[in-house]
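Notebook open, coffee at hand. I want to look up how the sheets, helices and cores fit together here.

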Amino acid sequence: MKINIDTIVKDNKELIREKSENVRLPLSDDDKETLMSLYHYVVDSTDPEKMKKENLRPAVGIAAIQVGIKKKMIAIVIKGEDDKIIYQYALANPRIVSHSVEEAYLANGEGCLSVESEHEGYIYRHRRIKVKAYDLLQDKEVIIKASDYLAIVFQHELDHFNGILFYDHINKENPFFVKKEAFRIE
C-alpha cells in the first residue's frame, strides 16, 4: 500500500469520524502490510528528499483510519535532534491501561495529517500513560510507558480510534486558556 498526502482521509470525510475495530491476532498478511506501510510513511515523511519525491507531509504518527482502514493500528516514529530514531512503534490494538492525573500540553498546539486547516489552541492530555499493545516491529505484546511529548502523540493517535480529532479538545470560548497545574511542553 502506497500512502501519500493524496491518499490520507481528510477531516471533511465522514469516514475519519468512524470508530475503529480491534485487529485479530496473530496479524494477517494484509494487516502486517498495512501496519508496515503506516510505519514507513512516518519514517519517510521526515526525509526531505522523499517528502518532495513521494508527496509526503511530515508526521510523527498515523492511524489506520487515516488511510481508510477501520482497524486499531497505529505507527509512531519520533526522531531526536540528530535525526536518529528514539521511539518507533507499529502497534495493533493499543490501549491505555493507566494514566497520570497530571496533564500536559504542547506550547505550539497539535497538527494532523487529516486536518489541512489551521486550528489553534491548547489540547490538554495526560502527562504520563501506560499503553498495552502488540508491536509488529518487536513481534510481541508490549507495555509502553510514555510521558510528555510521546504520551501526547499516543493519545492523539488513539483518539482516531473513536473518530476524535485534536481540535475537538480545544476550548471553543478560550482556545489558549492555560491550566496552571498543566505541564507545558515546548
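These are my entries, and they concern a predicted model.

**Entry 1, the five-stranded sheet.** I began with strand order. The sheet is open, has five strands, and reads β1-β2-β3-β6-β7 with antiparallel pairing. β1 (61-63) and β7 are the edge strands; each has a single partner, so one side of each is left without a neighbour in the sheet. I also looked up the twist: on average, neighbouring strands are turned by 35 degrees against each other, direction ignored. At the β1 end, I found three bridges holding β1 and β2 in antiparallel pairing, with Gly61 opposite Ile76 in β2.

**Entry 2, helices on the sheet.** Next I checked what packs there. Helix α1 (residues 29-44) touches β1, β2 and β3, and its direction makes about 25 degrees with that of β2. Helix α3 lies across β1, β2, β3, β6 and β7, running at about 155 degrees to β2.

**Entry 3, the cores.** Which residues have the most contacts inside the largest nonpolar core? I got Ile74, Ile76, Leu91 and Phe154, in a core of 28 residues. At least two residues each come from β2 (73-79), β3 (85-99), β6 (128-135), β7 (140-147) and α3 (148-159). The top contributor is α3, with five residues. A separate core of 25 residues lies apart from this one, and includes Leu27, Leu56, Ala59 and Ala75.

I then picked Leu91 for a closer look. Beyond four places in sequence, its contacts include Ile74, Ala133, Tyr134, Val142, Ile144 and Phe154. Leu35 is on the list too, as are Lys72 and Asp135.

**Entry 4, the β4 pairings.** I moved on to β4 (residues 103-106). Strand β5 (residues 125-126) pairs with β4 in the antiparallel sense over two bridges, whereas β8 (residues 183-185) pairs with β4 in the parallel sense over three. Ala104 appears in both pairings: it stands opposite Arg125 in β5, and its bridge partner in β8 is Phe183.

**Entry 5, Arg127.** Is this arginine, Arg127, buried or exposed? I read 17% relative accessibility, and the cut-off for buried is under 20%, so Arg127 counts as buried. Arg127 sits in the loop between β5 and β6. I looked for a side-chain partner and found Asp148, joined to Arg127 by a polar contact of 2.6 Å. Leaving out residues up to four places away in sequence, Arg127 also touches Ser100, Glu102, Glu103, Ala146, Ser147 and Ala151, among others. Ala104 and Phe183, the bridge partners from my β4 entry, are both on that contact list.

Technical notes: Residues are numbered from 1 along each chain as its sequence is written. This is a predicted model: local features need pLDDT of at least 70, side-chain atom pairs count only at pLDDT 80 or more; totals for chains, interfaces and linings use all residues. Side-chain values use heavy atoms; hydrogens and water are left out. A nonpolar core is a set of buried Ala, Val, Leu, Ile, Met, Phe, Trp, Tyr and Cys residues joined through side-chain atoms within 4.5 Å. Buried means under 20% relative accessible area, exposed over 50%, partly exposed in between (1.4 Å probe, protein chains only). Contact means heavy atoms within 4.5 Å. Two strands pair if DSSP finds at least two bridges between them. A polar contact is a pair of N or O atoms within 3.5 Å; within protein, one must be able to donate a hydrogen and the other to accept it, and residues adjacent in sequence count only if both atoms are side-chain atoms. Axes are lines fitted to C-alpha atoms, for helices over the stretch in contact, and angles run from 0 to 180 degrees between N-to-C directions.
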